[in-house]
Amino acid sequence: MTYFPPAAEICDSPRHDWSIPEVLALFELPFVELIYRAQTVHRQHFNPNQVQMSTLLSIKTGGCPEDCAYCPQSVRYSTPVKAEPLLPLEEVLTAARNAKARGASRFCMGAAWRRLKERELEPVAKMITEVKALGLETCVTLGMLGPGQAERLKAAGLDYYNHNLDTSPEFYGEIITTRTYQDRLETLSQVREAGIHVCCGGIVGMGEERSDRAGLLANLANLPRHPESVPINRLVQVEGTPLAGAPELDPFEFVRTVACARILMPASFVRLSAGRETMGDELQALCFLAGANSIFYGEKLLTTPNPTTDHDQQLFERLGLELLFPQAQVAAPVPEADEVGSASG
Ligand code: SAM
Ligand code: DTB
Ligand code: SF4
């Protein structure tokens, strides 16, 4: 009989030196063993019955010059998404008020930009300040940041910046050619330096290998500090994008990815992100069991559908899940790389 060492022996302390073979070894564990370990780690840091909810709004849709092969907002592909200007402040605030009324604790504003331009900074900063004043946590995803911009967003009241690594460095070039992995790491480091929480994850189901999923997770877990929030997106296939028609990922492999993310980044919020609309309730329940503890809530992601709020409320009721409110939801501090040796978890 194979001996599997107790979860605590390998999972207990936040490490920053995960190798691909080590992460692959987790992926390769028997499913039940992997989920047990992920759930064990999850319980060391979180109440397993509480889930945080963020609502997304696309504040600037379409017309993006980048070539991300998954994205319906790229100007390079012919998709149902049409380019629109930056939304007016009032429209954003109405959406934020609705999100709060429905129970979301964080409001995430996304823009289809390659980088944040100086002339766009002030209107977005105003949105952040006013959304924050409604009593919501604020998050934006605006592409790459230039010098000093992260500090100005922070001063406006920004809590989280979302910027994903998306996949492994090896597979990255198959998906995006218009900016590099290094560009992404630089923006992440500017966000961190400015004292903004980092929201950083990726997409699976793009035709990548398991080793690429392991590579994505290792790169996230090996950042100088773990991202406080780790969105795991399952590709939403949109007609007209190069990835429309990509082979479907085995749903259990998706759950394994969530479980490995939980084990590698024990104190981070792991968000079950894009792709829920085409997941059954049972698959989502398995993801919560594997340590996912955050979702996007609301009937639309940026441009594609998400489950209805009624459906999500029923799912939460059926599973006995509760909302995690803002006061309780600051991720436990994760030690810096040089503190890891003495960290106990
Ligand atoms: N333009 C900015 C950027 O890319 O940095 C911010 C918005 S972009 C839409 C944010 C993230 O959404 C991407 O990094 C990607 O991980 C995710 N995403 C975009 N299209 C997706 C799709 N079709 N399926 C799953 N995730 C997707
Ligand atoms: C993230 O990782 N997923 C969200 C958020 N960050 C901005 C976006 C998902 C987008 C899915 C495709 C769409 O709706 O356009
Ligand atoms: Fe543009 Fe972001 Fe879509 Fe890439 S993911 S095409 S950068 S909106």
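**Stop 1: the largest cavity**

Start with the largest cavity, which has a volume of about 810 Å³. This is a predicted model. How many cavities of 30 Å³ or more does the count come to? The count comes to one.

Select the residues that line this cavity. There are 39 of them. To find the centre, pick Tyr70, Cys71, Gln73, Asn164 and Leu302, the lining residues that lie nearest to it. Next, colour three strands: S2 (106-111), S3 (137-141) and S7 (229-234). These are the elements that give two or more residues to the lining of the largest cavity.

Now colour the lining by class. You should get 22 nonpolar, 11 polar and six charged residues.

Three ligands come next. Keep the cavity on screen as you select them.

**Stop 2: ligand 1**

Select ligand 1. Where is it? The space taken by ligand 1 is the largest cavity. Show its surroundings, and 16 residues appear. Those that come nearest are Tyr70, Thr141, Asn164, Asp166 and Val236.

Zoom in on the oxygen atoms of ligand 1. Try these three side chains in turn:

- Asp166: a polar side-chain atom lies 2.7 Å from an oxygen atom of ligand 1.
- Asn164: here the distance from a polar side-chain atom to an oxygen atom of the ligand is 2.9 Å.
- Arg179: a polar atom of this side chain is 3.3 Å from an oxygen atom of ligand 1.

How much of ligand 1 does the protein bury? Taken alone, ligand 1 exposes 550 Å², and the protein buries 91% of that. Colour the shell around ligand 1 by class. Eight residues are nonpolar, five are polar and three are charged.

**Stop 3: ligand 2**

Move to ligand 2. This ligand sits in the largest cavity. Around ligand 2 there are 13 residues. Asn164, Asn233, Leu302, Thr303 and Thr304 come nearest.

Keep Asn164 selected from the last stop. An N or O atom in the side chain of Asn164 is 2.8 Å from an oxygen atom of ligand 2. Recall that a polar side-chain atom of Asn164 also lies 2.9 Å from an oxygen atom of ligand 1.

Add Thr303. An N or O atom of the Thr303 side chain is 2.7 Å from an oxygen atom of ligand 2. Then add Asn162. Which kind of atom in ligand 2 does a polar side-chain atom of Asn162 lie 3.0 Å from? That atom is a nitrogen.

On its own, ligand 2 exposes 410 Å², of which the protein buries 87%. Check the classes in this shell too. You will find seven nonpolar and six polar residues, but no charged ones.

**Stop 4: ligand 3**

Select ligand 3. This one also sits in the largest cavity. Work through the residues that surround ligand 3: Cys64, Glu66, Cys68, Tyr70, Cys71, Ser74, Ala112, Trp113 and Arg179.

Pause on two of these. Tyr70 is also among the residues that come nearest ligand 1. Arg179 has a polar side-chain atom 3.3 Å from an oxygen atom of ligand 1.

How does the shell around ligand 3 divide by class? It has six nonpolar residues, one polar and two charged.

**Stop 5: the largest pocket**

Leave the cavity and go to the largest pocket. About 420 Å³ of space lies in it. Its lining has 21 residues. Select Leu56, Leu57, Ser58, Lys300 and Leu301 to reach those nearest the centre of this pocket.

Show strand S1 (50-60) and helix H4 (89-102), which each supply at least two residues of the lining. Which element gives the most? Helix H4 does, with five residues. Colour the lining of the largest pocket by class. It divides into nine nonpolar, six polar and six charged residues.

**Stop 6: the second largest pocket**

Finish at the second largest pocket, with about 240 Å³ of space. This pocket is lined by 14 residues. Arg234, Leu235, Val236, Gln237 and Thr278 are the closest to its centre. Look again at Val236, which is also among the residues that come nearest ligand 1.

One last colouring by class: the lining of the second largest pocket has six nonpolar, four polar and four charged residues.

Conventions. Residues numbered from 1 in each chain as written. Chains lettered and ligands numbered in written order. Predicted model: local features only at pLDDT ≥ 70, side-chain atom pairs only at ≥ 80, totals over all residues. Heavy atoms only, no water. Near = heavy atom within 4 Å. 1 Å grid on protein atoms, 1.4 Å probe; cavity = no way out; pocket = protein on both sides within 12 Å on 5 of 7 lines; lining within 4 Å. Sits in = over half its atoms within 2 Å of the grid points. Nonpolar A, V, L, I, M, F, W, Y, C, P; charged D, E, K, R; others polar. Polar contact = N/O pair within 3.5 Å; in protein donor to acceptor, adjacent residues only side chain to side chain. Areas by Shrake-Rupley, 256 points an atom, 1.4 Å probe, with all protein chains shown as cover. Points joined across faces, edges and corners; volume = space filled by probe spheres on them. Helix = DSSP H or I, 4+ residues; strand = E, 2+ residues; numbered from the N terminus.
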